[in-house]
Amino acid sequence: MTELLHRSLSELRAGLDKGEFSSRELVSTSLDKIEKNKDLNAYITVCRDEALKEAAAAEIEIKKGAGKTRPLLGIPVSIKDLILTKDIKTTCASKMLANFIPPYDATVTKKLKESGAVIVGKTNMDEFAMGSSNENSFFGPVRNPWNKECIPGGSSGGSAAAVAARLTPLSLGSDTGGSIRQPASLSGIVGVKPTYGRVSRYGVIAFASSLDQIGVFANTVEDAALGIQVLSGHDPKDSTSVTEAVPDFVAASKGSISGLRIGIPKEYFIEGLNSEVENCIRESLKVLEKLGAKLVQISLPHTEVALSTYYIIAPAEASSNLARYDGCRYGYRAENPKDLLDQYCRTRAEGFGDEVKRRIMIGSYVLSSGYFDAYYLKAQKVRALVARDFTNAFAKDCDVIACPVSPSTAFKIGEKSSDPLAMYLSDVFTIPASLAGLPGMSVPCGFDSKGLPIGLHLISKPFDEVTLFKTGRCYESASDFMNACPKGF
Amino acid sequence: MDFEAVIGLEVHAQLTTKSKAFCSSSTQFGKGVNELCDPVTLGLPGALPVINRQLVEFAIMMGLATNCEIKKYNRFARKHYFYPDLPKGYQISQYEEPICKRGHITVRMADSVVRTIGITRIHMEEDAGKNIHDSRSGTSLVDLNRAGVPLLEIVSEPDLRTPSEAASYLKTIRQILRYLEVCDGNMEEGSLRCDANVSVRPIGETKFGTRTELKNINSFKFVEKALEYEIARQISVIKNGGTISQETRLYDSQTGTTASMRSKEESAEYRYFPDPDLPVLQINESWIESVRALMPILPEAARQKLIDTYGLSDYDAGILTSERKFIDYFTKAFEVSSNAKAVSNWLTSELFGFLNKEAMTFEQNKVTADDLGLLVQLIDTEVISGKMAKTVFEEMFATGKSPKKIIEEKGLKQITNPEEIRKIANQVIDENVSQLKAYLDGNERLFGYFVGQAMKASNGNISPKVANDVIKEELNKRKPGK
């Protein structure tokens, strides 16, 4: 039965609707495989009983023909553990929320349920989505299915590992500075971060509000497009979500890329970029060229300062967003506090991990009066410059940008955990598009000599996810890496 | 050396919007503890704020009423501090870009001097919840019903010079808020709160002295008392060679004194920054105009109208405009009767007098504005006499019945038909032979006697004016040679 989990969403849809297999068969296959691969540590919570109940309910709906209008009806899906699921524990991989059971669903959870998806579990992640390796989890690191000694990338490491190991065909993640694209690249699957505002953030535990965006992991671009389709749309509960019309992503992304101008930013091919990764990216660009695309050299001159800009803005917003975890209303509370101040100090000292505390401190510092102008305000100005680089490139030179996702392939667990700065560099190629609010995607484009996957990074104009999908789809069908699966899964 | 005080007030007005500032939770007062708590109010993970349109419109309205510029481009800021009544660990407020700026209002001071007081800014923000401390058990309980309720902070220029002026200013702000029906203005219940900034300087000095900020002033009386104490304290410190330190001081209404709460050095680090969850709020001209169209007449304009158009006294105009409900009532009654002075008199002397005597509120009053107008009209058209009207009004006040119905029931209708009155007049003249003789002999003062007798004979039901004319005619007829 595990063969089922290698099928695409449209194949699963057809199989379920024809009665070739049942939703309960599919869901229990997923649940059993999750159980069998516990060593990956991809899940914080597995909801077997709820999932099987939902699957049984889905079967009745499928018999009525509801599969036509509810694309994910009866299909197992996993969700990053910072997306609120009513009555299902949502921990954000933190001791602070280790026992938090939300009383409401995030909008994306609601949308998934409306589309018929069966939630099988909540995936592991870096605590509060702060990290690039999934080692910053209160529940331990996630292992990369391609090499269990390696990290799967972060912060959505659990979701990436779950899809790479074919535990569920679709998984939700969040991307603040690269937290979908980087683990997708390191885990050899497709990962999409849509345009900021495309998907509601309501009910998603905030890290950096102006950057956080929900997206998906899947094994093919088409599956990812369908996932984004389900999640997209304006939400009156999120003032930053947009009213922009949502196209039929799956249908619109079919077709050729002949004549498409692909921008290659010179600032992304720099010292520090692993040569195997660079070669692999250059090879994939040739494939795109063969498909009829025109490669154009472009310049994004503010790329260099994007990382430091991000590490001011994101911690600033995080320090504010995480102020609510004070032990008063929910979550962890220190035992026997002497007084209020002691309750605050110890709750937060004991409840948050090191990386979270590090960023709260950076954020508090840059927002302090006297430092605000020099750091936060300046960072916002630089952010505008970074965004303008992209606007200019898209206005003059290209329709889509192609570049590396990560400077290296997956590294060993523990290798960089004592060096936060080296870790921060993992996101150097994903952060600029995050600052600009642009949609981005990682598509598998090869392996290094150790057999670890490499991803091709595609970035498009705001709300032009269609071009992203179209390019990705053409590429994957012309390449040998679509549906590449780690051994044993 | 003589000193003068320089005072500016920061007024917090809790708005009467139906839902909270950034979520759909109700703002209803008096609900059970923590009943008005949705994910946003509770600051649950993942909850996001959405601006309440009514809050923005109330802010625009208050800005227009205080002659402020309305900012077209608005940002909200987060103000951070940790306290159990602040669920998110920050308050959503406006910092560098308040919605209203640079306004002014006219304030009538207690000594009848009229002054213009500058408004520095008005901004929107959300209220915190309430902590209830139990000193015996050493625990604190938190009620978040109030958390997220919208507030306007109205900051004056340091234009006030005496505690009495500060109180008059505060009363005027309250009056405007109540006219606009955006805040109930209840200081005791905390829906109107006030902090005062005060400094002193030698008379003639143009630079400001070091100021202190007074908090915990929760009545009009305390505004004056707290400022009086603080001004005297500052003057005495300076006279004794000391200096004032910039600090926040708490007013203690029990002792009537102020005490230091925190100094400037200890002042909180709020880490303000623009709230990334709330996009820029754009306010265009047409939105402002649509809000302006909804605004009632304001107290100062209403007062001028009463004096200039209706010829009312300054005093009566002041009473009638002190509350919007009075001027609304007056206007309605005037529309029925077209006699402003009479309506004003009936309202301010009779109705207010009765309410006062019965210790009733204006809301408990059973006499409708239409009925009061009708009563005045009935007097003016001589359906009833002024004397009858008092009886009718008494009944109206007690029962809420319309004056027409009361007149009918009591048979109070005034007789105005001259022929009917003529019969009574002749009857009275005929019955009083000796008085008639004296009158005809030249004692003209007896005319009044006949009128009185006629009134008596008709039980006061005849029109005195018609009776006057008719009796004069009839008496003249009896003069010799006629």
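How many of the 5 residues of strand S8 (residues 130-134) of chain B are buried? The number is 0, so strand S8 of chain B lies largely in the open. The model discussed here is predicted, and the exposed strand offers a starting point from which to move through chain B and then to chain A.

Strand S8 of chain B has a partner in strand S9 (residues 139-143) of chain B, to which 5 bridges join it in the antiparallel sense. One of the residue pairings places Asn131(B) opposite Val142(B), its bridge partner in S9(B). The two strands form a hairpin with 4 residues between them. In the turn of this hairpin, Gly138(B) has a positive phi of about 70°.

Chain B also contains an open sheet of 9 strands, in the order S2-S6-S7-S10-S1-S11-S12-S13-S14, with mixed pairing. Strand S2 (69-70) and strand S14 (257-263) of chain B stand at its edges; each has a single partner strand, so one side of each is left without a neighbour in the sheet. Within this sheet, strand S6 (residues 100-108) and strand S7 (residues 114-126) of chain B pair in the antiparallel sense over 8 bridges. Cys100(B) has Ile122(B) as its bridge partner in S7(B). Because side chains in a regular strand alternate between the two faces of the sheet, both faces deserve attention.

Two helices are to be considered together with these strands. Helix H3 of chain B packs on the sheet and touches strand S1 (3-14), S6, S7, S10 and strand S11 (192-202) of chain B. The direction of H3(B) makes about 25° with that of S1(B). Helix H2 (residues 53-65) of chain B, in turn, lies across S2, S6, S7 and strand S10 (150-156) of chain B. With respect to S7(B), helix H2 of chain B runs at about 170°.

A further open sheet of chain B has 3 strands in the order S5-S4-S15, and its pairing is antiparallel. Its edge strands are strand S5 (90-93) and strand S15 (273-274) of chain B, each of which pairs on one side only. Strand S4 (residues 77-80) of chain B is joined to S5(B) by 4 bridges, and these two strands run antiparallel. His80(B) has Tyr90(B) as its bridge partner in S5(B).

At the level of domains, the assignment for chain B gives domain 1 (3-287), domain 2 (297-410) and domain 3 (418-477). The C-alpha centres of domain 1 and domain 2 of chain B lie 37 Å apart. Their contact takes 6 residues from domain 1 of chain B and 6 residues from domain 2 of chain B. Which element supplies the largest share of the domain 1 side? Helix H3 (residues 163-180) of chain B does, with 4 residues. The residues on this side of domain 1 of chain B divide into 3 nonpolar, 2 polar and 1 charged.

The contact between the two chains takes 24 residues from chain B and 31 residues from chain A. On the chain B side, helix H1 (39-42) and S4 of chain B are the elements that give two or more residues. The residues of that side divide into 15 nonpolar, 4 polar and 5 charged.

Chain A comprises 16 helices and 11 strands. Its radius of gyration is 21 Å, close to the 23 Å that the globule rule gives for 489 residues, so chain A is as compact as a globular protein of that length. The C-alpha atoms of chain A fill a box of roughly 65 × 55 × 45 Å along the principal axes. Of the 489 residues of chain A, 60% count as buried. Among the contacts in chain A with a separation of 6 or more, 76% are between residues 24 or more positions apart.

Two residues of chain A illustrate such surroundings. Val221(A), in helix H7 (residues 221-231) of chain A, has 27 other C-beta atoms within 10 Å; with 20 or more counting as buried, Val221(A) is buried. Its contacts include Val190(A), Val443(A) and Phe469(A). Val221(A) and Val192(A) are 29 residues apart in sequence and 8.8 Å apart in space, C-alpha to C-alpha.

Ile431(A) belongs to helix H15 (residues 431-435) of chain A and is buried, with 25 other C-beta atoms within 10 Å. Among the residues that Ile431(A) touches are Gly177(A), Leu307(A) and Tyr310(A). Ile431(A) and Asp175(A) are 256 residues apart in sequence, yet 9.7 Å apart in space, C-alpha to C-alpha.

Terms used: Residues are numbered from 1 along each chain as its sequence is written. Chains are lettered from A and ligands numbered from 1 in the order in which they are written. This is a predicted model: local features need pLDDT of at least 70, side-chain atom pairs count only at pLDDT 80 or more; totals for chains, interfaces and linings use all residues. Domain bounds come from an automatic or database domain assignment. Two residues are in contact if their C-beta atoms, placed from the backbone, lie within 7 Å. Ala, Val, Leu, Ile, Met, Phe, Trp, Tyr, Cys and Pro count as nonpolar, Asp, Glu, Lys and Arg as charged, and the others, Gly among them, as polar. Two strands pair if DSSP finds at least two bridges between them. A residue is buried if 20 or more other C-beta atoms lie within 10 Å of its own, exposed if 12 or fewer, and partly exposed in between; C-beta atoms are placed from the backbone. Axes are lines fitted to C-alpha atoms, for helices over the stretch in contact, and angles run from 0 to 180 degrees between N-to-C directions. The radius of gyration is taken over C-alpha atoms; the globule rule is 2.2 Å times the number of residues to the power 0.38. Lists of a residue's contacts leave out its neighbours within four places in sequence.
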